[in-house]
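Open the structure in your viewer and keep the sequence panel beside it. We will go from stop to stop, selecting one thing at a time.

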Amino acid sequence: MRKPRDFDADLKALEDKARGLKIRKVRQLGELVVATGADTLTAEELAGALLVLAETKEAGKREAWAKRGAAFFQSRTRRNGPTANHNSDGASAQPSGPQSAPSRKGAT
């Protein structure tokens, strides 16, 4: 006879994995803020800039931000070697479109 499946244990394992992924996402976003120099902005400035970026529907602007972000990650990869490639892949999965660097220009 087959052993019954422990759904509670499976659910707990999935919850733990989801929690770990959320923690990793937050950490990577924080690293991105620091890497772009946006950590010099106040929380209000950064939040305002991100809100504007998130609300922007213009494809041309979003494409330009994506290109600038890709160039940022490529330049970091070349400077830091292969270990940065692993970190930038995860970080670029979330905010590859809107980048904080363009908002920094508007904030100064």
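The tour below starts with the whole chain and then picks out single residues.

**Stop 1: the whole chain**

Show everything as a cartoon. This is a predicted model. What pattern does the chain follow, read along the sequence? The pattern is α-α-α-α-α. The chain has five helices and zero strands.

Now switch on the surface. The accessible surface of the chain comes to about 8100 Å². Carbon and sulfur atoms hold 57% of that surface. Of the 108 residues in the chain, 21% are buried. Contacts also deserve a look here. Take those in the chain with a separation of 6 or more: 74% of them join residues 24 or more positions apart.

**Stop 2: colour by confidence**

Colour the chain by pLDDT. The mean for the chain is 80, and 71% of the residues reach 70 or more. Which element has the highest mean pLDDT, and which the lowest? Helix α1 has the highest, at 96. Helix α5, residues 100-107, has the lowest, at 44.

Select residues 83-108. Here pLDDT stays under 50. The model has 44 contacts beyond four places in sequence for this stretch. Where pLDDT is low, the predicted coordinates should not be read in detail.

**Stop 3: helix α1**

Select residues 7-36, which form α1. The helix has 30 residues. From its first C-alpha to its last it reaches 43 Å, close to the 44 Å expected at 1.5 Å a residue.

Go to the start of the helix. A side-chain oxygen of Asp-6 comes within 3.3 Å of the backbone nitrogen of Asp-8.

Which residues of α1 are buried? They are Gln-28, Leu-32 and Thr-36. Look at how they are spaced along the sequence. An α-helix has 3.6 residues a turn, so residues three or four places apart point the same way.

Now zoom in on Thr-36. Its relative accessible area is 8%, so Thr-36 falls under the 20% limit for buried. A polar atom of the Thr-36 side chain lies 3.5 Å from the backbone nitrogen of Ala-38. Step on to Gly-37, just after α1. Gly-37 takes a positive phi of about 85°.

**Stop 4: the loop at Thr-56**

Select Thr-56. It sits in the loop between α2 (43-55) and α3 (59-80). Is Thr-56 buried or exposed? Thr-56 is buried, with a relative accessible area of 12%.

Show its side chain. The side chain reaches the backbone oxygen of Val-52 at 2.7 Å. Then look past the neighbours of Thr-56 within four places in sequence. Thr-56 is in contact with Lys-61, Arg-62 and Trp-65.

**Stop 5: Trp-65**

Follow that last contact to Trp-65, in helix α3. Trp-65 counts as buried, at 14% relative accessibility. Now draw a distance line from its C-alpha to the C-alpha of Leu-53. The two residues are twelve residues apart along the chain, and their C-alpha atoms are separated by 9.4 Å.

**Stop 6: the aromatic pair**

The structure holds one aromatic pair. Select Phe-72 and Phe-73 and show their rings. The ring centres are 5.4 Å apart and the planes meet at 70°, so the pair is edge-to-face. Planes over 60 degrees apart count as edge-to-face.

Finish on Phe-73. Its relative accessible area is 9%, and Phe-73 is buried.

Methods
Residues numbered from 1 in each chain as written. Heavy atoms only, no water. Helix = DSSP H or I, 4+ residues; strand = E, 2+ residues; numbered from the N terminus. Buried < 20%, exposed > 50% of the residue type's maximum accessible area, 1.4 Å probe, protein only. Polar contact = N/O pair within 3.5 Å; in protein donor to acceptor, adjacent residues only side chain to side chain. Contact = heavy atoms within 4.5 Å. Expected span 1.5 Å × (residues − 1). Areas by Shrake-Rupley, 256 points an atom, 1.4 Å probe, with all protein chains shown as cover. Phe/Tyr/Trp six-rings, centres within 6.5 Å; stacked < 30°, edge-to-face > 60°. pLDDT = per-residue confidence, 0-100.
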